[in-house]
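This report describes a protein chain from selected residues up to the overall fold. The sequence and the structure appear below.

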Amino acid sequence: MTKGILIAGTHSGVGKTTISMGIMAALKHRQLKVQPYKVGPDYIDPSHHTAICGRPSRNLDTYIMGTDGVGQTVARTAADADIVVVEGVMGLFDGIDSTEIASSAHIAKTLNLPVILVINVHGMSRSTAALLKGYSEFDPEVKVAGVILNQVGSPRHAELVKNSLPGDIPIVGMIPRRKDIEVPSRHLGLYMAHEKDYNTEEMAVFIEENVDLDAVIELAEPISVPETRRIQRSEADLRIGVARDPAFCFYYQDMFDAFRDYGAEVEFFSPMAGELPDVDGIYLGGGYPELYAEVLEKSETTRKLKGLAADDLPIYAECGGLLYLCGTYEVDNRIYKLADVVPANTRMTNRLKALGYTEARPLDKNFSSHNIRGHEFHYSITECDRDAKFAYEMLRGKGIQDGFDGLIEHNTLAGYMHSHPATFPVEKFVEKCRKYRRK
């Protein structure tokens, strides 16, 4: 099996994303096939991985996917890679509800991955040794195989830190402070990959100068994954349109694969450009509709969706997609008229309204016979009509209103919860699209 490493941090903000991207770029620059992954429910970091490596980055999440689901994803997507690089999330041991579940450490244990720990040494020297000792000994099943020191202030600072560390864990990199390498951020995280011009040559050179890439490759170990269970793909007999442009850009690659597994072609289109292909179902993901509300209000796509929904075209929408399907959308004290498919209006706020993992119990067993897990992250408030119908009762998370999520109107389902094919009933959605096609 392919060898791999996991790059983790002591906490958020230590620079693991920039360093992970740089290592991916340097390995790719050496003509290696790099398969990237991201721990946790993140759409933004994987977009950067994909742009750098030229291969779709996948999410690995033991809460949403389970340990078997994580193993299956890696087994299915990493076999032809030369090396796997997994970017961690938050601090190495930070999981859900003070457990290890969904943590970088849990992924490392699940896949038998050695960890390279990124430590931001700004403002400390010998204390780095205490920090490293704690992280390396906290869980004996997690192998901290190497360390990268970030934000090193000077050669003297580097020497002080280096001399304080024990010799049993090698230092494989010392990264000086450099602001122009970092990716800028905003309210939902970093900017997406399509919003940044990449100089992968510069990133690769910077890492080669400050990281012992040969040592990183040497630390990689064979990944432990289960035997792959492959779905026998049906011959495609329908098409699902997926909105993909700057307003709608939050997607799991695994969802597209699942559509294809059940016999659907995936056709991307841009609501911002007024596109709406002849399809048998529509998937509207999350993104930044608040930044493009005026463009979306004028879009031909927006005007056509209400009629298609009334004709029972299956539509599934998440978060930003939910907002797009509302009647009105208030952003910065201006009200925009949007698709008006679901009986609700929405408005952006300047405060975070929901963030975290979710679990939903379907109110209709015909939709799903099991609970659905996902996550939510938004700054908006959506107010529904009194007769609004919901698809889920939230066992974890806030949802749209009073602990319910997933507005239902005609054959449309729109909610705040971002879902993953590990628990979302993809096969049933595709079958709805197939029935619509046969009408």
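In this predicted model, Asp-340 counts as partly exposed because its relative accessibility is 36%, a value that falls between the 20% limit for buried residues and the 50% limit for exposed ones. Asp-340 sits in the loop that runs between β18 (334-337) and β19 (344-348). Its phi angle is near 60°, which is a positive value in a residue other than glycine.

His-410 can be described in like terms. Its phi is near 55°, again positive in a residue other than glycine. The loop between β24 (404-409) and β25 (412-415) holds His-410, and this residue is classed as partly exposed because 44% of its relative area is accessible.

Arg-239 belongs to a strand, β11, which covers residues 238-243. With a relative accessibility of 26%, Arg-239 is likewise partly exposed. Leaving aside residues up to four places away in sequence, Arg-239 touches Glu-265, Glu-267, Asp-278, Val-279, Asp-280 and Gly-281. Two of its interactions can be specified further. The side chain of Arg-239 and that of Glu-267 are joined by a polar contact of 2.4 Å. The Arg-239 side chain also reaches the backbone oxygen of Asp-278, at 2.4 Å. In addition, the C-alpha atom of Arg-239 is separated by 9.4 Å from that of Pro-277, a residue 38 positions away along the chain.

His-106 is located in helix α4, residues 104-111. Its relative accessibility of 12% is under the 20% cut-off, so His-106 counts as buried. Beyond the residues up to four places away in sequence, His-106 touches Thr-62, Thr-67, Glu-100 and Ile-101.

The accessibility values for these residues are set out below.

| Residue | Relative accessibility | Class |
|---|---|---|
| His-106 | 12% | buried |
| Arg-239 | 26% | partly exposed |
| Asp-340 | 36% | partly exposed |
| His-410 | 44% | partly exposed |

The next level is that of domains. An unreviewed UniProt entry places the feature "domain: CobB/CobQ-like glutamine amidotransferase" at residues 239-420. Over residues 239-420, the chain is 18% helix and 43% strand, and the C-alpha atoms at the two ends are 20 Å apart. The domain assignment gives domain 1 (3-222) and domain 2 (238-438). Their C-alpha centres lie 32 Å apart, and the contact between them takes 24 residues from domain 1 and 27 residues from domain 2.

How many helices and strands does the protein have? Its secondary structure comes to 13 helices and 26 strands. The radius of gyration is 23 Å, close to the 22 Å that the globule rule gives for 439 residues, so the protein is as compact as a globular protein of that length. Along the principal axes, the C-alpha trace spans about 70 × 50 × 40 Å.

Burial and contacts complete the description. Of the 439 residues in the protein, 56% are buried. Among contacts with a separation of 6 or more, 74% are accounted for by residues 24 or more positions apart. The accessible surface of the protein comes to about 18,800 Å², and 47% of this area belongs to carbon and sulfur atoms.

Note on methods
Residues numbered from 1 in each chain as written. Predicted model: local features only at pLDDT ≥ 70, side-chain atom pairs only at ≥ 80, totals over all residues. Heavy atoms only, no water. UniProt positions renumbered as here; feature names shortened; annotations may be inferred. Helix = DSSP H or I, 4+ residues; strand = E, 2+ residues; numbered from the N terminus. Buried < 20%, exposed > 50% of the residue type's maximum accessible area, 1.4 Å probe, protein only. Contact = heavy atoms within 4.5 Å. Polar contact = N/O pair within 3.5 Å; in protein donor to acceptor, adjacent residues only side chain to side chain. Rg over C-alpha atoms; globule rule 2.2 N^0.38 Å. Areas by Shrake-Rupley, 256 points an atom, 1.4 Å probe, with all protein chains shown as cover. Domains from an automatic or database assignment.
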